[in-house]
Amino acid sequence: MRQRRQAALRLLLVLTLLAASAACLGGSSGRRVLVIMTPWTAEAERNSFQAVLTAFKAETGITVHASPTRALDQVLRTAVQKREAPDLAVMANPGALRSYAQQGDLVRLDRFQDRALGSGLVDLLRSDYGPPWSRAGEAVNGDPYAVMVKASVKSLIWYAPQRLATRPPDTWAGLVGVGRSMVQRGDTPWCLALADPPNSGWPGTDWIEDILLHQSGADIYTDWVDGKLDWTSPQVREAWQAWGQIFTAEGSIHGGPLTALLTGYGEGAYPLFTASPGCYFEHGAPVTPDPTAVTKPLPGKDYDFVPFPEFRPTPTPTPAYEVSGDLVAMFHDSPEAERFMAFLASPQAQQIWPGLQPESAFSANRAVATRLASGHATGSVARRIDELLTSSAILCFDASDSMPSSMAAAFNRAVLDYLNDPTRLPTILAGLDKVRADAYPPSTQSSVCAHSSPGQEAK
Amino acid sequence: MTAPPAVAPEAVADEPATPSTTARTLRRLRGALVAGSLLTGALCLVVSSQAHGGTDAVGGRAAPAVLRAEAAYGALADAQRAAVHGFRQGTVVLGGLGEQYRNDIAAINQNLAELAGDTVAGATVSSDLQLVEGLVVNYNAELEQAAADYRQTGELTRALPALWYATLQYREVSNTLDRLRTEENAALADRRGSVWLARTADLLFLVPFALVLALFARTQSVLRRRFRRRLSIRLTTAVLALTATALLCGLSLHVSDGRLRSALDGPFARAVTLAQEQASRSAAQADRDLYAIVTQACPAAGSCGTHLAPQASGPATAEPGRTGHHQAEAEAAFTSGATDAEAYSSVLLALLALLTSVAATAAALALNPRIDEYRFGGQ
């Protein structure tokens, strides 16, 4: 009997504890998930980057959550100020990278916890990526901080081959002449779209940068980027005026200046493909056809490109191209983040995005770009851009992207002002010089231009 | 309570017939009853605390977070309406973006700050809040630029690019806030569901309660057989107190749920609806004004690449003050309901603690006289 009572008491105690546990059960379990802030909000780009993240997870089991925002710079700055920076972020530009690195917010690639992984990554960047790409990821005293996740070429003039009797001229004077002829016969030569808040105006800065690079050369371009050349200097002023020569003429841009100012940059090339052409040329990185179009325009057939024209009548022995790219840097060091950075630079990761968007995304890894080029049809758009990236040309990183953020913002704004009222050019340039006086830290020295392959330094 | 005259203890058939063994049995029963009463009471307290916590999480955080997200969304729409109207009317030239606009921007920031404190929706909300904060800064900067352009040139067309860029930013903030609203609503629904699930599990406290009741019955049986006591008042008091504890426990689950549900389904739902209606009216009015500005600036080219289309003339935004008043009333009624539910839970917790103490004390005292009989003369 006593044993039964004791058993009953024990049962009571156990049941009570079980009930208490059931009532109090809670808690969380979870493994570490990396967060990366990105600027890719468009569906195609978001999906392509997600494919990279998925491949990383398949290889390592580590989840990386992408947090896309169009206001990347602003949101990232706020997060860093609040000490709530994400694990990793795509840098708005190399200028922003330098700024964060100088403040000590970023993790150096050669200071990884896993030293072998870090030094292997740095070696890979210096051997497989050309100087303009690896240098874009360096800051402070040339220390490595970032990996180039994808690359793009901007010195391109796009056109619809079936709508032009001949290929666009390869000289500036010829291109301007063709444009004038079109205007005279009632056609509109140029597409232009500048709206992209909070950075509206940047497609115009690409124009001016390209003109300056081809008109005055890589050395002047570099001095200008470094803040050593006045905005009111003849070289810079002439670049603005050359751009104005095209765009301020009546009837030269689709819809007029106000339409150019209000149209989203992503839609800039749409009039190239309308039944009645709204325009015939567009400048810049690979065009994006209207995704809602009934028939999807085919690269090489419905649209194609020529390199930015020369200003001199005879071709330069070493052509120069303006390029850009997206850098990923690390704010919080962790074994998972280190593995992700190493994965991003690897040939395996570098070929994922160009594989999904072959005409608009390219790898800065020379070996990958060479391999991808050989996989594309001879003469195709993707192959020619890959070949351009791996040629012996001088590649100059996007100037406004390489300037300090306040200078780049003023440059963007100046483009909008200029298109609104071209007569204000002297005032606009003088204003930019005032911004320059405050924007640059002492002894700024960049290397925005370099031969695409190691061992052929341009400057 | 007067102790009845002592009765000579009888030997029980299934117990060893020695007084010391009976005394030990009584002591053990006393210990088990006190421990069982305390454990049952403690479990009831845990259950009620959880009910209190659940009520607090839903009524004190998840639902207010939804209201803050709705308020931020509404304030943004109203800021856009006020700003665009100022451009269309030309009041921006001399009056700037206006007091209403600035109040709305302040309201957005205030609501976002409160939302950050109340949210129960998880980690993604934090990044969305950062995004909204950054976008609002950009939105405000573009509008200030548009106002400066208008002032400098006196031409609305010259201000239009920055005004359009601000509108693009506004759309992005609006989309992000909409996502936040959805996340907060989902979190609220999730919390309400989990409260119900938890309360079903909480009913497990009835198991030890039933076992303790059985133990009381067994004790009463022992007293009746050995000491011829049909009813022990102290033991009965303990049983009644413990039963009241269990009943209150069940009642707390039911009543706090009921109060919260009526607060959520009544004033809360009304406040959300009013906020959404007002936001829709403000957004439609802003679109109409913007379309008028764009068509005035570029009559030949249509929308100048903005893809703006003529807006159907909807209800005027004539009564924002009145709607705001109704909305504030509904919010206040909800807050009051949620606070009542919370206050009720606090009183209940105190009562539960008291009843548990009574049950344990009565159980301890009930067997003392019988045990004392053995202590002083049983040997």
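Here are some exercises with worked solutions on a predicted model with chains A and B.

**Exercise 1. Compare the make-up of chain A and chain B: how many helices and strands are there in chain A, and how many in chain B?**

Step 1. Start with chain A. You should find 19 helices and 12 strands.

Step 2. Move on to chain B. Here you get nine helices and zero strands. Reading from the N terminus, the elements go α-α-α-α-α-α-α-α-α.

Step 3. Now look at burial. In chain A, 50% of the 459 residues are buried, while in chain B buried residues make up 46% of the 379 residues.

Step 4. Finish with the contacts. Take the chain A contacts between residues at least 6 apart in sequence: 75% of them join residues at least 24 apart. For chain B contacts with a separation of 6 or more, residues 24 or more positions apart account for 85%.

Step 5. Add the dimensions of chain A. Its C-alpha trace spans about 115 × 55 × 45 Å along the principal axes.

**Exercise 2. Follow strand 1 of chain A: which strands does it pair with, and in what sense?**

Step 1. Find strand 1 of chain A at residues 33-38; five of its six residues are buried, so call it mostly covered.

Step 2. Check strand 2 of chain A, residues 63-68. The two strands pair in the parallel sense, over six bridges. One pair to spot is A:Leu34, whose bridge partner in strand 2 is A:Val64.

Step 3. Trace how the chain gets from one to the other. From strand 1 of chain A the path goes through helix 2 (residues 43-60) to strand 2, giving a right-handed β-α-β crossover.

Step 4. Look at strand 3 of chain A, residues 88-91. It runs parallel to strand 1 and is joined to it by two bridges. Here A:Ile36 stands opposite A:Leu88.

**Exercise 3. Take helix 5 of chain A and work out which residues are buried and which exposed residues sit on the face turned away from them.**

Step 1. Check the length. Helix 5 (residues 115-128) has 14 residues and reaches 20 Å from its first C-alpha to its last, close to the 20 Å expected at 1.5 Å a residue.

Step 2. List the buried residues: A:Gly118, A:Leu121, A:Leu125 and A:Asp128. They cover an arc of only 130° around the axis, which puts them on the same side of helix 5 of chain A.

Step 3. Connect that to helix geometry. An α-helix has 3.6 residues a turn, so residues three or four places apart point the same way.

Step 4. Turn to the face away from the buried side. There you'll find the exposed residues A:Arg115, A:Ala116, A:Asp123 and A:Ser127.

Step 5. See what the buried residues pack against. Among the partners in chain A are helix 6 (131-136), strand 6 (146-153) and helix 12 (335-345).

**Exercise 4. Zoom in on A:Ser134: is this residue buried or exposed?**

Step 1. Place the residue: A:Ser134 is in helix 6 of chain A.

Step 2. Count its neighbours. There are 23 other C-beta atoms within 10 Å. The cut-off for buried is 20 or more, so A:Ser134 is buried.

Step 3. Name the residues it touches, leaving out those up to four places away in sequence: A:Leu125, A:Arg126 and A:Tyr129.

**Exercise 5. Repeat the helix analysis on helix 10 of chain A: which residues are buried, and what covers them?**

Step 1. Helix 10 (residues 234-247) has 14 residues, which should span 20 Å at 1.5 Å a residue; the end C-alpha atoms are 20 Å apart, so that agrees.

Step 2. The buried residues are A:Val236, A:Ala239, A:Trp240, A:Trp243 and A:Ile246. Their arc is only 120° around the axis, which puts them on the same side of helix 10 of chain A.

Step 3. Their cover in chain A includes helix 7 (172-184), helix 8 (202-216) and helix 18 (405-420).

**Exercise 6. Judge the confidence: where in chain B is it lowest, and where highest?**

Step 1. Get the average first. Chain B has an average pLDDT of 83, and 87% of the residues score at least 70.

Step 2. Go helix by helix. Confidence is lowest in helix 9 (residues 368-378) of chain B, with a mean of 70, and highest in helix 3 (residues 99-118), at 95.

Step 3. Check the start of chain B too: over residues 1-17, pLDDT stays under 50.

Step 4. For the complex, the predictor gives an ipTM of 0.86 and a pTM of 0.82.

Notes: Residues are numbered from 1 along each chain as its sequence is written. Chains are lettered from A and ligands numbered from 1 in the order in which they are written. This is a predicted model: local features need pLDDT of at least 70, side-chain atom pairs count only at pLDDT 80 or more; totals for chains, interfaces and linings use all residues. A residue is buried if 20 or more other C-beta atoms lie within 10 Å of its own, exposed if 12 or fewer, and partly exposed in between; C-beta atoms are placed from the backbone. Helices (H or I, at least four residues) and strands (E, at least two) are DSSP runs, numbered from the N terminus. Two strands pair if DSSP finds at least two bridges between them. A crossover is right-handed if, with the strands pointing away from the viewer, the path from the first strand over the helix to the second runs clockwise. Two residues are in contact if their C-beta atoms, placed from the backbone, lie within 7 Å. The expected span of a helix is 1.5 Å times one less than its number of residues. The arc is that of the directions from the helix axis to the C-beta atoms. pLDDT is the predictor's confidence in each residue, from 0 to 100.
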